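This briefing describes a predicted model for a reader working from its coordinates. The points below are grouped by topic.

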Amino acid sequence: MSRLVLDRLGRMYGRAAAVADVSLEIDDGELLVLLGPSGCGKTTTLRMVAGFVAASSGDIRLDGSSILALPPYRRDMGLVFQSYALFPHLSVARNVAFGLEMRGMRGPALAARVAEMLRLARLEPFAERLPRQLSGGQQQRVALARALAIRPRVLLLDEPLSNLDAALRGEVGRDIRLLQRESGLTTIMVTHDQDEAMAMADRLVVMRDGRVQQVGTQQDLYERPATPFVAGFIGRSTMLPGTRAEGGVFIADGAALRLAGRYGGNGAGTLALRPERLSLAAADAAGPGSVAGSVELASYLGAVREHVVRIGPTLRIVVRDSTAQGGGLLSAGTRVTVRWDQGAERLFDAADAPQPSLNPEPTDPRMTADD
Amino acid sequence: MAAAALLSPALFVVLLMLGAPLALLLRFSLDRYDPTELMIETLTGANYLRFFADPFYVGVLRTTLGVAVAATALCLLFGLPIAYRLARMTSRWKTACMLAIVLPLFVGSTVRMVGWLILFAHGGMIDGALRRLTGGGLELMYTPFAVISGIVSINLPFVILTLQSTIETIDPRLEEAAESLGAPPGRGFWRVVWPLTLPGTATAGILCFILAMNAYATPYLLGGPRFQMMAPLLYWEFSTNNNWPFAAALGLILMATTLILTACSSLLIPRRYRVA
Amino acid sequence: MTDLAPLPLTRRAVLAGAAALPLAARRAAAAEQQMVVATWGGDYANLLHDNVDVPLMAPQQIAVVQDVGDEDPRVAKLYAQRRLPRGADDVVCLQEVRAHEVGAAGLLETIDAAKVPNLVHVLPNLGAPTYAPHIWSPQILVYNPDKVKQPPTRFADLLDPQYKGRVGVGDGNYFYVMMAAALAATGDLNKVDAEATKALALRLNANGLRLYPSTDSIGAGIKSGEIDVGVMWLARTIMWQNAGIPVQASFAAEGSVLYISGMVVPKNAPNKPAAFAYINAMLEPSAQTRFAERMGYLPTVNNCPLTGKVAEQLALPKPAPVLAVPDYGITGTLQPQIAEWWKKNMQRA
C-alpha cells in the first residue's frame, strides 16, 4: 500500500529551474505518466523520486513520511531505465536475483522468487543467457522483472518503450501494464510519446519548462486542455491565434470563424480545433461553428481522410473524418464550409486560460460536472 | 582479402622492425664471448646455462619480478580510484585533471627520477624534514621502497589512462540500477563496475608489469649499485663487459619471462568479462 | 670507470654536442680537412673544444667534430668497427686501462715522436706505444675535515668502526678501489685477485661501505653529511673544494694508484695525419695548463710548470708520495673476473 506525494518539489541547476513547484499525488496502484517534450523536467522529477537527484525544495512523501533523506538504495524503488541498464556480465537469472541478494536473500527462497519472476516475465528459457544475447523486448522484460523482484513500494519507468521498434512497443507496453496492474504497484512512468502515455496511464501529467501544465485522465486532457500547449500536445489540435469579436466571431488572419459555443468577454486569444471533430459541408452552410474556405490538399489515409482547408492568406485548418460514410476526396480549390460542434473547439484568452462555454454541453454525455 | 592485402605492407614493416632484431638477438645469445675477439660464432647454450646455474643471476631475476609485481599491484590500487573519479567526472575540471595526469609523461623519466633523488636523498626533503622534527633521519635512497615508488610514479599515468578509458565505456546507469536495487555505492562498485573493468585492469596491469620488468633508469638512479634488476645488469654486460652473447641471453630471458607471465595473467580473467 | 661523465647523458653534454655541430659545419667550408674526436662530454669536451680544437687545430685548416658519449660504447664501437677499412673516429679518448685492452686486441696505431713531436716531453711511465697520456691524477683518501679530526693515512684506516656506514666509493671505480686494496693488502697493486685483497675489500664492505652510482654523488654524499671518508682522485677533490664542499685529500702511506686518461688512434682512422696533429696539440703546455686549472688533473708533460693557486692545490706532499702505475698486461686480463666478483660479492652483500 503505497501512496506517493510530491509536495512543491523543485530542482535548481545554478539559477535555472529544471523542476519548479511540482505537486502530485499518486494513489496506491495507480500508474501516473509524466508526459512532455525533452527538457520539460519529467526525467529530473523521476530521478528525484528515485533519489539520484537531490531536491532543491519541496518534499517527497511515501505513505506520509518523507523519503528525501534516504539514499537511493534504501528507497525501495523499482527502476526501469530507458537503456535497461542490465548488468552485462550477469545472466538473466543473476540480474533478476541482484536486488534480492542485496537484501540478503539466499538459497531456495532466492531461487523460488527468481523463478517466479522469470515465469511472470516469460523469460524462463533465457535464464542462463547474457543480456547481450537477448532481443530488445526480452531485455526490457528482464529489466522489469529485475525491478519487480524486490517487491518495490513504487515502480519507476523511464521511457521504457523508446528503445523498442514500433511493432514491439504496443506489445511490451501491454505487458508492462498487465504486470503493473497484477502486482498493484504505484507507478510513475516518464515518456515523451503521447500515444504511449495515453495507452498506459491511469492519469497523466503534462509538463513543460519544469512546471506542471495539467493533471488529469486522458479524457480530461483531450476534452478540456487547460492550456494551448496541452491542446497542441495531446491530440494535435490546429491552433489559431486571433481576436474574439462581437457576435460569437473569432477573427484570425482576416478569416472570420463563427464559434460553436457562447463565451463571455472579448480580446486576443487562441482557438484550438480538433481536426477529427470537424466536418466539411457545402460552401453556403454557414451557422454556429463554421468557417468558409477552399480545399488546398486532400489525402486518403485508409480509416480517415484528411483535407487541408485554407481559410485565410496564411491560415489553414486540418479536417480529418472517417471514410466509413463513403465520400471521396474533394478536389483542390473546392469552396467548402468547415463545421464543428462545441466539443471540437477550445478557446483560450490572452493569458492562456481556458474560457468556459456559457452553453450547456450536449455533445458529450460522459462528461463530468467538475470541470 | 582486400583488407589483408592492405595490411601486408604494415605487417612486413612490423616483422622487419621487430622480428629481425629479435632473430639477431637469439643468434647472438648462442655465440661465445671472448675478451679480445668479443663474439665467436658458434651454437652453444652456455650463456643460458650460466644464467640459470648461478644463484646470483636467478636472484636478480627474482628481485626484478618482485619489484614488477609490487609496482603493478600498487599502480592498480592507486590507479583504480583515480581513474574511476576521472571517468565519472563531468565538470570542466575533468580536462584539468586529465592534463595533470598526462603532463608528467611530457617530462623524461630520468628527469623525474632526479626529482625523487632530491626527495629521498640524505638531507633531502623527507630525510631533512624528519631530522628536524624527530631528530632521527630516514634512509630512503637506494632502497627497494625508492625503486618501487619511482616505478609507480612513472607507470601510474599509463595505468590511470587505460583504466579510465575502460570505465568510461561502463554505463553509469548500471551503478544507479545497482543502487536502486539496494546496493550501497561500495557494494555496487564491487559487484557491477569492478567485474566490468577487469579487461581494462588486465591491460593496465600488463602494461605496468612490462614497463616495470624493463625499468632501467629508476633502479639505476634510485636503487643504487647494490640494487640489481635485469635491465641495468643487461646494459652493464653489454657495454662495460662487452659480453654481447650473455647480454643477448639476458635480454631474451627477461623477455620470455615477461611474455609467459603476461600470457598466464590473461588466462585468469573469466571469458565472459573479456568483451562486454 | 666513467670518471668524467657521471650520467649517460648530461644536459651539458648534449648542448656541447649540439654546439659543436654548426661550428664544425661552418669551419668545414673554409677548412680543407675534417676529423672526429670521440670523447666524454661535459667539462672535458668543452675544454678540448676551447683549448685544442679552436686555437690549435683550426689554424692548421683542420675542423674537429666531437663525438660525445660514454667510454664503454666508445670501446664497443672500436671492436664493432674493427673489420671496416674506414672507422668513424680519428682520435678516441680512453683511460689507459681500456686503451691497453684495445691495444692488446691489435686495434690501435703506434704513436711515436716522429709523428707526434711533443711526445718527447711526456713524463715516463705514463704512456705506452699505442697510447698518448693526456691527463693524470693520483687516487687518494678523501675526508671531511669538519667531521674527521684524525685524517686516515692508510687504506686500512677505513676499516675503523668509527667510520661504519660513513665510507663511500664510486661503484664505477671498482677496479681502482680493488687496486688500492691490493696495494694495502699485498704491497702490489696488480694483485687485485689475491685472497688477501678480496678479504680486505669484503671487510670494508662489512663496515657499511656505501657504493655511489657516479663520482659526483660521492661529493654530494660528503656535502650532505652522509659519509665522512672515501676513495677518490686528487683532481676531483680539487673540483669539490672549488665548489665549496668540505673535503681534504690524504695520500695513503702504502701508495697511490694513478688514474690516467689519454688518447689513441684506431688503425682504421680515416684521417691519421690529422689524428697525430690533434694528439700533438693536446700535449701543448697552453692546453695542458687549462685542464689543470679547470679540472684539477695533472699535466702529462714536463714542459708545463703550474703557477698560482692551482700549483698550490696540485702540489704533491713532501716527502713525495709513492705513485703506483698498474701493469696493464696483468690487470687487463683480470678485469672481467674482478668485475664479476665485485658484482656478486661487493654489490650484492
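In this predicted model, the contact between chains A and B draws on 19 residues from chain A and 17 residues from chain B. Of the 2 pairs of chains in contact, this pair shares the most contacts. Chains A and C do not touch, and 49 Å separates their nearest C-alpha atoms.

**Contact of chain A with chain B**

- On the side of chain A that touches chain B, strand 6 (77-80) and helix 2 of chain A are the elements that give two or more residues.
- Helix 2 of chain A gives the most to that side, with 3 residues.
- Sorted by class, the side of chain A that touches chain B has 14 nonpolar, 3 polar and 2 charged residues.

**Contact of chain B with chain C**

- Chain B enters this contact with 17 residues and chain C with 20 residues.
- At least two residues each come from helix 10 (217-223) and helix 11 (230-240) of chain B, on the side of chain B that touches chain C.
- That side of chain B comprises 7 nonpolar, 9 polar and 1 charged residues.

**Confidence in chain A**

- Chain A has a mean pLDDT of 89, and 96% of its residues reach 70 or more.
- Within chain A, helix 2 (residues 92-102) has the highest confidence, at a mean of 96, whereas helix 5 (residues 166-183) has the lowest, at 85.
- The pLDDT falls below 50 over residues 364-371 of chain A, a stretch that has 5 contacts in the model beyond near neighbours in sequence.
- Where pLDDT is low, predicted coordinates should not be read in detail.

**Overall organisation of chain B**

- Chain B contains 13 helices and 2 strands.
- Its C-alpha trace spans about 75 × 70 × 30 Å along the principal axes of chain B.
- Of the 276 residues in chain B, 36% are buried.
- When contacts in chain B between residues at least 6 apart in sequence are considered, 69% join residues at least 24 apart.
- Helix 6 (residues 125-134) of chain B is hardly covered, with a count of 1 buried residue among its 10 residues.
- B:G135, just after helix 6 of chain B, adopts a positive phi of about 90 degrees.

**Packing of helices 7 and 9 in chain B**

- Helix 7 (residues 144-168) and helix 9 (residues 185-213) of chain B have axes that come within 9 Å and cross at roughly 160 degrees.
- Because angles over 145 degrees count as roughly antiparallel, helix 7 of chain B is roughly antiparallel to helix 9 of chain B.
- The crossing of these two helices of chain B is right-handed.
- Residues making the contact include B:I151, B:F158, B:V159 and B:L163 of helix 7 of chain B, together with B:P199, B:A204, B:L207 and B:L211 of helix 9 of chain B.
- The contact of helix 7 with helix 9 of chain B involves 11 nonpolar, 7 polar and no charged residues.

**Backbone features in chains A and C**

- Most residues other than glycine have a negative phi, and most peptide bonds are trans.
- A:E159, a residue other than glycine, has a positive phi near 45 degrees.
- The position of A:E159 is in the loop between strand 7 (154-158) and helix 5 of chain A.
- A:E159 counts as partly exposed because it has 19 C-beta neighbours inside 10 Å, whereas 20 or more would make a residue buried.
- C:Q61 is likewise not a glycine, and its phi is positive at about 65 degrees.
- The loop that holds C:Q61 runs between helix 2 (42-57) and strand 2 (62-68) of chain C.
- With 12 other C-beta atoms within 10 Å, C:Q61 is exposed.
- C:K318 and C:P319 are joined by a cis peptide bond, with omega at about -5 degrees.
- C:P319 is located in the loop between helix 11 (308-314) and strand 11 (323-324) of chain C.

**Environment of C:A181**

- C:A181 belongs to helix 5 (residues 174-186) of chain C.
- C:A181 counts as buried because 28 C-beta neighbours lie inside 10 Å.
- Not counting residues up to four places away in sequence, C:A181 touches C:F155, C:T197, C:L200 and C:A201.
- From C:A181 to C:G168 the separation is 13 residues in sequence and 14 Å in space, C-alpha to C-alpha.

Methods
Residues numbered from 1 in each chain as written. Chains lettered and ligands numbered in written order. Predicted model: local features only at pLDDT ≥ 70, side-chain atom pairs only at ≥ 80, totals over all residues. pLDDT = per-residue confidence, 0-100. Helix = DSSP H or I, 4+ residues; strand = E, 2+ residues; numbered from the N terminus. Contact = placed C-beta atoms within 7 Å. Axes fitted to C-alpha atoms, helices over the stretch in contact; angles between N-to-C directions. Parallel < 35°, antiparallel > 145°, perpendicular 65-115°, else oblique. Left-handed = near helix turned anticlockwise from the far one by under 90°. Nonpolar A, V, L, I, M, F, W, Y, C, P; charged D, E, K, R; others polar.
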